[in-house]
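Open the model in your viewer and keep the selection tool at hand. Each stop below says what to select and what is there.

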Amino acid sequence: MSNIIDAVYLTALVCGSPYFISKFLVNKRYRAGLKQRLGWVDIKKVKKKRIWIHCASVGEILTVKEFIKCLENEFNELDVVISANTSTGLSVAQKNFKDKDIFYFPLDLSWVVNRVLNIIQPDFIFLVELEIWPNFIMSAVRKRIPIALINARISEKSLKWYNMLNRISNDFLESLTKKENVFCARTKTDANRLIKLGIPETQIFTTGNMKFDNIVTGVPEYTMKQLQSLLEISDEDKILVCGSTHEGEEVILLRIYSQLLTKFNRLRLVLVPRRIERIESIIKLIESQGFSCIRKTSLDNGNKVGNQKYKTVVLVDTMGELLNIYSIADCVFVGKSLVPYGGQNIMEPAGLARPIIVGPHTFNFAEEVQLLKEANAIRIVHDESSLLKEIVFLLEHTEEAKEMGERAQAVVLKQRGASIRNLEILKEFLFKERIV
């Protein structure tokens with residue numbers, strides 16, 4: 001089976017070689033960690049039991065923060081190593097887990113994963129969400145390494161792909177369904193799809209979404225005050241924060257801001273684009289709509305917003321500050337949702353009890369949106385006019401906006417505890433006598 005999968009990978013590589021070569025030459029992101037991806041991983045040897053936790057990227061890295069904390073509180077004689085697929089995931093892991101070995105996940109070629117498994121020699125492997133790599137799974141099982149899929153999710157599309165692999169050969173399914181392996185699913189839907197994949201129900205447990213355990217529910221008052229002072233926000237000002245915006249959305253938001261200023265003459269707009277490499281083009285767009293623009297880095301360097309602050313858009317050109325910026329908002333729009341790209345993280349402002357508006361395209365966060373919808377804690381709009389209408393309503397009805405935000409925060413608090421539930425399952429069904 002490994003030979004077949006290797007052949008599939010290599011065929012895809014050859015067929016897509018012009019694309020991959022161009023990306024490799026032009027974008028250093030594609031060259032990052034190539035040595036590690038090919039199996040040359042340098043990692044310290046320890047006498048402790050070792051757990052290898054693999055996360056796809058930033059979201060999964062942040063998801064396991066509380067879980068790793070719970071794990072190490074329970075078992076202090078463990079060595080945890082972490083891998084990621086992306087350079088951004090790796091950098092976030094290095095920032096959050098400074099005391100751990102962190103490296104790029106190997107290419108899923110049989111000889112590469114065998115080499116890395118021999119170097120790392122993990123006693124357990126935890127794969128986060130949907131990181132089911134066939135050669136990696138089969139190699140680990142051949143080495144008798146128990147595997148847990150935690151915070152497991154599986155889409156219908158992924159289910160079809162894995163079922164296709166099963167039809168090619170039974171080796172992959174036999175490896176995946178070894179009795180030592182455990183599956184902690186986020187939802188009953190995910191659990192049912194795992195059953196359809198052929199995994200015995202006795203190995204599947206529905207434990208909830210660990211992401212909720214890591215959602216911040218409060219920003220220190222002094223942090224908020226410092227930010228308000230930096231942005232020159234007065235007590236009478238209202239703040240509209242548009243976070244993780246995508247190309248095509250800023251122009252809509254600027255037109256809406258222009259109309260909002262006719263009703264709210266002390267309204268401030270803070271734009272936080274998803275990708276800071278778009279900053280220069282967004283500045284030109286802001287100025288073309290008749291507004292001034294000041295960058296967050298300019299304010300950090302001591303510059304001032306100026307006298308026309310209600311005609312000046314604050315453009316955040318830094319990374320990692322969106323959470324604090326959400327904390328000072330009277331109304332939040334979460335981007336990448338007016339355009340058909342699936343939305344961005346709505347639970348950050350929900351955790352901070354902010355009233356949230358999104359567009360119709362939120363398929364990347366369908367579970368979270370549904371939870372907020374059921375609690376009447378989110379407004380979903382379909383176009384520019386309905387977005388304007390909802391923003392006006394929330395800015396005019398401050399008490400209702402506050403209650404809406406509180407309902408959103410209550411959803412977050414209610415969903416917590418998956419990290420502990422996962423650990424309890426692993427202790428009972430995976431660790432057993434293997435950790436002493």
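Is glutamate 399 buried, partly exposed or exposed? Select it in helix α20, residues 398-414. With a relative accessible area of 48%, glutamate 399 is partly exposed, because the buried class ends at 20% and the exposed class starts over 50%. Keep in mind that this is a predicted model.

**Stop 1: two charged patches**

Extend the selection to Glu399, Glu400, Glu403 and Glu406. These four form a patch of negative charge on the surface.

Now pick Arg144, Lys178, Lys179 and Lys432. Here the surface carries a patch of positive charge. Zoom in on arginine 144, in the loop between α8 and β5 (147-152). Arginine 144 counts as exposed, at 76% relative accessibility. Check its backbone too: just after α8, arginine 144 has a positive phi of about 60 degrees.

**Stop 2: helix α8**

Step back to helix α8, residues 134-142. How many of its 9 residues are buried? The count is 8, so the helix is mostly covered. Select Pro134, Asn135, Phe136, Ile137, Met138, Ser139, Ala140 and Val141 to see the buried ones.

**Stop 3: a salt bridge between two loops**

Show the side chains of lysine 211 and glutamate 129. They meet in a salt bridge, 3.9 Å from N to O. Lysine 211 sits in the loop between β7 and α12, and glutamate 129 in the loop between β4 (124-128) and α8, so the pair ties together parts that are 82 residues apart in sequence. The two ends differ in cover: lysine 211 is partly exposed at 26% relative accessibility, whereas glutamate 129 is buried at 1%.

Move on to phenylalanine 212, in the loop between β7 (204-206) and α12 (221-230). Is phenylalanine 212 buried or exposed? Its relative accessibility is 1%, so it counts as buried. What does phenylalanine 212 touch, leaving out residues up to four places away in sequence? Select Met347, Glu367, Glu368, Leu371, Val412, Gln415 and Arg416. For a distance check, draw a line from the C-alpha of phenylalanine 212 to that of threonine 189. They are 18 Å apart in space and 23 residues apart in sequence.

**Stop 4: more charge pairs**

Side chains of opposite charge can pair when their charged atoms come close. The model has 24 salt bridges. Three more places are worth a selection.

- Aspartate 300 and lysine 296: their side chains form a salt bridge of 2.9 Å, N to O. Both residues are in helix α15 (residues 296-300), 4 residues apart, about one turn of the helix. Aspartate 300 is partly exposed at 40% relative accessibility; lysine 296 is buried at 4%.
- Arginine 275 and glutamate 277: the closest N and O atoms of this salt bridge are 4.0 Å apart. Arginine 275 is partly exposed, at 46% relative accessible area. Glutamate 277 is exposed, at 58%.
- Glu236, Asp237, Arg266, Arg268 and Lys309: select these together to see a network of salt bridges.

**Stop 5: helix α13 and its neighbours**

Go to helix α13, residues 250-260. Which of its residues are buried? Color Glu250, Ile252, Leu253, Leu254, Ile256, Tyr257 and Leu260. Then show what these buried residues pack against. The strands are β8 (238-245), β9 (267-273), β11 (312-315) and β12 (331-334). The helices are α14 (279-288) and α19 (384-396).

**Stop 6: a buried lysine**

Find lysine 100 in the loop between α6 (87-96) and β3 (102-104). Its relative accessible area is 12%, under the 20% cut-off, so lysine 100 is buried. Beyond residues up to four places away in sequence, lysine 100 touches Ile68, Glu72, Val80 and Ile82.

**Stop 7: positive phi in two loops**

Select glutamine 121, in the loop between α7 (110-120) and β4. Glutamine 121 is not a glycine, yet its phi is positive, about 50 degrees. The residue is exposed, with a relative accessible area of 58%.

Finish at glutamate 232, in the loop between α12 and β8. Glutamate 232 is not a glycine either, and has a positive phi of about 55 degrees. At 24% relative accessible area, glutamate 232 is partly exposed.

Note on methods: Residues numbered from 1 in each chain as written. Predicted model: local features only at pLDDT ≥ 70, side-chain atom pairs only at ≥ 80, totals over all residues. Heavy atoms only, no water. Buried < 20%, exposed > 50% of the residue type's maximum accessible area, 1.4 Å probe, protein only. Contact = heavy atoms within 4.5 Å. Patch = residues over 30% accessible without salt bridge, like charges linked within 9 Å, V, L, I, M, F, W, Y side chains within 5 Å. Areas by Shrake-Rupley, 256 points an atom, 1.4 Å probe, with all protein chains shown as cover. Lys, Arg positive; Asp, Glu negative; His and termini not counted. Charge placed at Lys NZ, Arg CZ, Asp CG, Glu CD.
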